[in-house]
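Here's a quick tour of a two-part model, starting where the parts meet. Have the viewer open and follow along.

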Amino acid sequence: MEQPEILIKPGMGALHYWRDIWRYRELFFFLAWRDILVRYKQTAIGIAWSVLRPLLTMIVFTIVFGKLAKLPSNGVPYPIMVFAAMLPWQFFANSLTESSNSLIDNSNLLTKVYFPRLIVPAGSVIVSMVDFLISGVILCGLMVWYRFVPDMRVLLLPAFFMMAFMASLGAGLWLSALNVKYRDFRYVVPFLVQFGLYISPVGFSSAIVPQKWRFLYFLNPMVGVIDGFRWALLGDAFPVNWPGFALSSILVVLMFAGGVFYFRRMERSFADVV
Amino acid sequence: MPAACSISAVWNAALRTWCNRMSTVITVENLGKKYLLRHQSAQQPYMALRDVLSDGVRNLGRKLLGRGDASARSAEQEEFWALRDVSFEVRQGDRIGIIGRNGAGKSTLLKILSRITEPTTGSVRLKGRVASLLEVGTGFHPELTGRENIFLNGAILGMGRAEIKKKFDEIVDFAEIERFLDTPVKRYSSGMYVRLAFAVAAHLEPEILIVDEVLAVGDAQFQKKCLGKMEDVSAKEGRTVLFVSHNMGAIKNICSRTLLFSSGMLALDNVPDVTISEYMSSGFCQNGIWVNPGDNIIVCNKMRIDSIKIINSAGHISGDIKSTANFSIHIQITVNDNGCLDAQIAVRVTNQDGIPVFTTTSTDFTRKLTNMRNGTHKLKVPVPADFLPPGKYSIIVAAMKPGEELYDHVVDEICFVINDAGNHSTLFNDGRIGVVTPLIRWDHLFEQGITNERNI
């Protein structure tokens, strides 16, 4: 059997990178599978955590923002409005937390085995997708409970999910690469996630932001993602501010492309630095 | 017939290069790897953002004050060539042993060959799938069961799912762990752990296999089995093996050719006997003391071997020991971890033929791992008189958690000479030869009269 020749030279890492990612797809799935398996080992209630966490957050937000602050929900049951936003936000936040530490957690692999390093943070995003799917099931349950039927727009949901995915992976790549070099970022990420929860329209609707600031609000790319999710799931009650949405989309694409570029540039030195 | 001649010459040349290309699987040309050592915060290879910011501010300050910052920068960073101008070729089916002292560049070479790190200069051409066993059990997850870890570890080493499934039973057989297949590996004994890890690795089928110190741990019987497996792989199946080890006996047994590295350069490329004797007889520190120079790229920061000394019976540091006198090996170790570590410190003495004469560990008598608290530890290994025959010996010291982590190791950095001082035996010239020459007190019973053995 003819074997491909591998050439190793300074600065040559890039040559067959994307082909290599395809070739290492099984490792990619194995790493994700490992993280999912390990996740709830030695926990008393195990997978129930994935149900409890979003559910409790939703209840707290509904009480604080819906009942106490009496913010509007445009005729949609408040829990459903919150949960439609929790879906992408939680996916983003979990991906960020998991992927930013992923390279350091796997440093024993990085220093000993070759594989395209991109599959490590990407694997963490896949793991967060499991939580996303579980939350999706909870949302279905809520919709049945409140007898809420989404219209045909729900078919566009995968497109918005792609946007959430790109935002998560893009930010994850940035933070994981930065974290290898500057360990400060392990303190930055929890703060970022906590902060982000309040500046993104998770517990409330983006409609309560004053009109003149509305466009600028979309500078936070998650605003575009969340509004997209609400529009697709909840219908006309949550119209999308399309110029703002376009701004968010552009930022997501830039963040993703920049993340891949920066990660690829830093990747070569990971094994020496980590 | 000039035309025909030239045609056949061209044809022959083409044939020759084609043949060469067929059989040469690794071509290394002028390979070099440079590291930048940071002196200021030498402990951590990574930086804190704070340092970058403060450096930036400091440099800005210097610029404003009109002082150059170039000199300041070069004072903090120093170039270090871990590998320099290395060229060699490996043909298919070769079994190459790679030897050299700590920091000679062996591991850096392997890291470049297995594409973990990029070279600074030069190039490598590889033909075929490369698999490296840099450390046993890389990527094992303690919470996962043996079965799950076989799949995970296989994938990390480059096997596909289908391939692992096909060999699953064979792997389990080889590792002898059937009963514990569904137990998390954190409950395995270290022996079982190593066996499982090597079993997965041994069933890889790469064209080029890179092995680094895998056999440092594990029980003797299993080591034999692994060495056998490696010989099989290379001899019967025509695979290429690169084998880094400090076990000269194993190198002699397995390898057909040996590369000797010395301070980043390829010093010698020859058959094992020649290379090993060159290695054993050159460049040793022989004054009975070795002190950690601190420039090593440390495996792990938790534990560091600071110094090794040979102390003679008079209490002086010396590399010249009389065969009739006892002496001791003194090891100083600094532990720098939060709390304490369970460890085993091992000392191995190797003779000039590369044969390990004995290995002793800090756990020989305690039968449990030594508790190493933060601070400095001084360990003493007494060696009895008349035990080692005259000759030259080198010492390996390793600090590890068996089967899990190698904290630090110092290989052949220090050696000593046993001088013939004429013990009792030489008085009679009784041909006392052997790897060790202990004096043994015999029991001698005597009964007067004739004893008939058959009646007893």
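Which residue of β4(B) does E5(A) stand opposite? E5(A) faces K127(B). Before going further, note that this is a predicted model, so local features need pLDDT of at least 70 and side-chain atom pairs count only at pLDDT 80 or more, while totals for chains, interfaces and linings use all residues. Residues are numbered from 1 along each chain as its sequence is written, with chains lettered from A and ligands numbered from 1 in the order in which they are written.

**Where the chains meet**

Strand β1 (residues 5-8) of chain A pairs with β4(B) in the antiparallel sense, over 4 bridges. Strands here are DSSP runs of E, at least two residues long, and helices are runs of H or I, at least four, all numbered from the N terminus; two strands pair if DSSP finds at least two bridges between them.

Across the whole interface, 35 residues of chain B are in contact with 30 residues of chain A. Contact means that the C-beta atoms, placed from the backbone, lie within 7 Å. On the chain B side, β4 (121-127) and α5 (146-156) each supply at least two residues, and β4(B) gives the most, with 6 residues.

**Inside chain B**

Chain B has 11 helices and 17 strands. Of its 456 residues, 37% are buried, that is, 20 or more other C-beta atoms (placed from the backbone) lie within 10 Å of their own. Take the contacts in chain B with a separation of 6 or more: 73% of them join residues 24 or more positions apart.

An automatic or database domain assignment splits chain B into domain 1 (84-281) and domain 2 (289-421). Between them, 13 residues of domain 1 touch 14 residues of domain 2. On the domain 1 side, α7 (190-202), α9 (248-254) and α10 (272-281) of chain B each supply at least two residues.

Here is the make-up of two of these contact sides:

| Side | Nonpolar | Polar | Charged |
|---|---|---|---|
| Chain B, touching chain A | 16 residues | 10 residues | 9 residues |
| Domain 1 of chain B, touching domain 2 of chain B | 6 residues | 5 residues | 2 residues |

Ala, Val, Leu, Ile, Met, Phe, Trp, Tyr, Cys and Pro count as nonpolar, Asp, Glu, Lys and Arg as charged, and the others, Gly among them, as polar.

**A helix in chain A**

Helix α11 (residues 242-267) of chain A has 26 residues and reaches 37 Å from its first C-alpha to its last, close to the expected 38 Å; that expectation is 1.5 Å times one less than the number of residues. Its buried residues include L247(A), V252(A), F256(A) and F263(A). Among the elements covering the buried residues of α11(A) are α7 (157-181) and α10 (221-234) of chain A.

Terms used. A residue is buried if 20 or more other C-beta atoms lie within 10 Å of its own, exposed if 12 or fewer, and partly exposed in between; C-beta atoms are placed from the backbone. Two residues are in contact if their C-beta atoms, placed from the backbone, lie within 7 Å.
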